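Biologist: Could you take me through a close look at one residue, and then work outwards from there into the spaces in the model?

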Amino acid sequence: MEVTRHLLIGVAGGSASGTTLIAHQLVQEIASRRVVVLPLDAYYRDLSHLPREERHRFNFDHPDAFDLPLLLDHTKRLLRGESIQVPAYDYVTHGRAAETISVSDHTIVVLEGILVFWFEELRELMNIKIYVDTPDDIRLLRRIRRDMAERGRSLEDVLTQYETRVRPMHQNFVEPTKRFADIIVPQGGHNGIAVEILRAKVRSLLREIDRSAGARRDFETTG
């Protein structure tokens, strides 16, 4: 009797759409250590070897910006019940920090980020795919507030980056992946009804896993 012990939920959407909020609400509202969030942003390529100006010109919204081999390896290891060391990315220096974040065995892994549906290898591992659909103007306002307050960028820099990279990359690589979604959530994490439905679904999956694991134990004991 084969039992599924680990599940992967993908949460994708445009920059500042609310993917991170949705992912963490699933964990917090379920209040279970068996659910963990794996952020795509942690797997940006390490650019610390490049000159500062070249790092600032790097296109962080293109699929090539991510260390896919490392992400795939870590995701598969988590789904096998193994532990990993998640990189910590420094958005100011555009390099990986010396410290890492230890993540151990979890029943459900929530992989969130703008391009998690772009990579076919990741999609094939996912049990549920959620796309957070937030209007462009709201995403831009959120990005302005975030980047100026948390990343020390000027308004002009944020707008230039949005116009030249973020918006065209969203149209070319992020928006098209909506077709892969099982569930589309408008308004992001502020959509309380959608979050409640997702939370109920995840709890249901955990109960199914527990029942399957219990059935397997009974089978092994009596068999």
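In which helix does Leu78 lie?

Modeller: Happy to! This is a predicted model, so local features need pLDDT of at least 70 and side-chain atom pairs count only at pLDDT 80 or more, while totals for chains, interfaces and linings use all residues. Numbering starts from 1 along each chain as its sequence is written, and side-chain values use heavy atoms, without hydrogens or water.

Leu78 lies in helix H3, residues 68-79 (helices are DSSP runs of H or I with at least four residues, strands runs of E with at least two, numbered from the N terminus). With 1% relative accessibility, Leu78 counts as buried (under 20% relative accessible area with a 1.4 Å probe and protein chains only; over 50% is exposed, in between partly exposed). Setting aside residues up to four places away in sequence, Leu78 touches His6, Leu38, Ile84, Val103, Ser104, His106 and Val109 (contact means heavy atoms within 4.5 Å). The C-alpha atoms of Leu78 and Asp105 are 6.4 Å apart, although 27 residues separate the two along the chain.

Links over long stretches of sequence also show in the chain total: among contacts between residues at least 6 apart, 76% join residues at least 24 apart. The chain has seven helices and seven strands, in the order β-α-β-α-α-β-β-β-α-β-α-α-β-α. Of its 223 residues, 48% count as buried, and its C-alpha trace spans about 70 × 40 × 30 Å along the principal axes.

Lys129 makes a good companion to Leu78. Lys129 sits in strand S6, residues 128-133, and at 14% relative accessibility it too counts as buried. Beyond its neighbours up to four places away, Lys129 touches Gly10, Phe117, Phe180, Ala181, Asp182 and Ile183.

S6 leads us to the cavities (on a 1 Å grid over the protein atoms alone, points where a 1.4 Å probe fits but cannot get out; a pocket is an open set with protein on both sides within 12 Å along at least five of seven lines; lining residues have an atom within 4 Å of a point). Two cavities reach 30 Å³ or more (volume being the space filled by probe spheres on points joined across faces, edges and corners). The second largest cavity holds about 30 Å³ and is lined by Ile9, Leu26, Ile128, Ile130, Leu198, Lys201 and Val202. S6 and helix H7 (192-222) each give two or more residues to that lining, with H7 giving the most, three.

The largest cavity holds about 40 Å³; among its lining residues are Gly14, Asp61, Arg139 and His170. Helix H6 supplies the largest share of that lining, four residues.

H6 turns up again in the second largest pocket, of about 280 Å³, where five of the 14 lining residues come from H6. His56, His94, Arg153, Asp157 and Gln161 lie nearest the centre of this pocket.

Finally, the largest pocket has about 870 Å³ and 37 lining residues, with Thr20, Asp41, Tyr91, Arg146 and Arg151 nearest its centre. At least two lining residues come from each of helix H1 (19-30), strands S2 (35-39), S3 (84-90) and S4 (95-103), and helix H5 (136-150).
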